[in-house]
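I opened this structure for the first time today and kept a notebook while looking things up. The entries follow the order in which I went through them.

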Amino acid sequence: MNYLATFHTHYGALQFNKYCQKNKMPSKMAPVPRGLSASCGVCVYFDGDYTKNTADHEDMDCCYTITASGNYEIV
């Protein structure tokens with residue numbers, strides 16, 4: 001499943017990206033799409049299973065699934 005996570009700070013996005021890489025989850029940092037808002041303007045796209053450990057990241061603002069039509073839905 002494809003996800004997009006937004007963060008309160010750049011540092012939080014960087015730490016989450018490192019978390020994904022450490023846990024063998026493909027990820028990349030990118031600017032937040034215009035339709036979504038975030039405090040720092042940086043998001044992380046990642047593939048994998050969205051679990052409680054993923055959601056508990058301290059600086060995560062919100063997490064979205066990316067639908068087949070390219071829309072974003074809050075997890």
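The notes below go from confidence to the sheet, then to the aromatic rings and a few single residues.

**Confidence.** I began by noting that this is a predicted model, and I looked up how sure the predictor was before reading anything else. The mean pLDDT of the protein is 88, and 96% of its residues reach 70 or more. When I went through the elements, I found the lowest mean pLDDT, 70, in helix α2 (residues 52–55), and the highest, 96, in strand β2 (residues 27–31).

**The sheet.** I then asked in what order the strands form the sheet. Following them across, I wrote down β2-β3-β1-β4-β5, an open sheet of five strands with antiparallel pairing. I noted β2 and β5 (72–74) as the edge strands, each of which has a single partner strand, so one side of each is left without a neighbour in the sheet. From one strand to the next, I have the twist down as 30 degrees on average. For the pair β2 and β3, which run antiparallel, I counted five bridges, and I marked S27 as standing opposite F46 in β3.

**Aromatic rings.** My next look-up was the ring pairs, and the count comes to five aromatic pairs. One of them joins Y3 and F46, whose rings are stacked, at 5.2 Å centre to centre with 20 degrees between the planes. Why does this pair tie together parts that are far along the chain from each other, 43 residues apart in sequence? Y3 lies in strand β1 (residues 2–7) whereas F46 lies in strand β3 (residues 42–47), so the pair links those two parts. I checked both residues for exposure and recorded Y3 and F46 as buried.

I also wrote down the pair of F7 and F16, which is tilted, with 5.4 Å between the centres and 40 degrees between the planes. F7 and F16 are both buried as well. Putting the rings together, I listed Y3, F7, F16, Y19 and F46 as one aromatic cluster. A separate entry concerns Y45, because I wanted to know what sits over its ring. The charged end of K28 is found there, 5.7 Å from the ring centre.

**H10.** I looked up H10 in helix α1 (residues 10–22), and asked whether H10 is buried, exposed or partly exposed. The relative accessible area of H10 is 48%, and this value makes H10 partly exposed, since the exposed class begins over 50%. Leaving out residues up to four places away in sequence, I found that H10 touches C40 and V42. I also noted the C-alpha to C-alpha distance between H10 and D59, which is 9.4 Å, although the two residues are 49 apart in sequence.

**K24.** In the loop between α1 and β2 I stopped at K24. The phi angle of K24 is positive, near 60 degrees, in a residue other than glycine. With a relative accessibility of 72%, K24 counts as exposed.

**T65.** My last entry is on T65, in strand β4 (residues 60–66). Is T65 buried or exposed? At 16% relative accessibility, T65 counts as buried, because the buried class takes values under 20%. Setting aside residues up to four places away in sequence, I listed the contacts of T65 as M1, N2, Y3, N71, Y72, E73 and V75; among them is Y3, which I had already entered as a member of the aromatic cluster.

Technical notes:
Residues are numbered from 1 along each chain as its sequence is written. This is a predicted model: local features need pLDDT of at least 70, side-chain atom pairs count only at pLDDT 80 or more; totals for chains, interfaces and linings use all residues. Side-chain values use heavy atoms; hydrogens and water are left out. pLDDT is the predictor's confidence in each residue, from 0 to 100. Helices (H or I, at least four residues) and strands (E, at least two) are DSSP runs, numbered from the N terminus. Rings of Phe, Tyr and Trp (its six-membered ring) pair if their centres lie within 6.5 Å; planes under 30 degrees apart count as stacked, over 60 as edge-to-face and the rest as tilted. Buried means under 20% relative accessible area, exposed over 50%, partly exposed in between (1.4 Å probe, protein chains only). A charge sits over a ring if NZ of Lys or CZ of Arg is within 6 Å of the ring centre and within 35 degrees of the ring normal. Two strands pair if DSSP finds at least two bridges between them. Axes are lines fitted to C-alpha atoms, for helices over the stretch in contact, and angles run from 0 to 180 degrees between N-to-C directions. Contact means heavy atoms within 4.5 Å.
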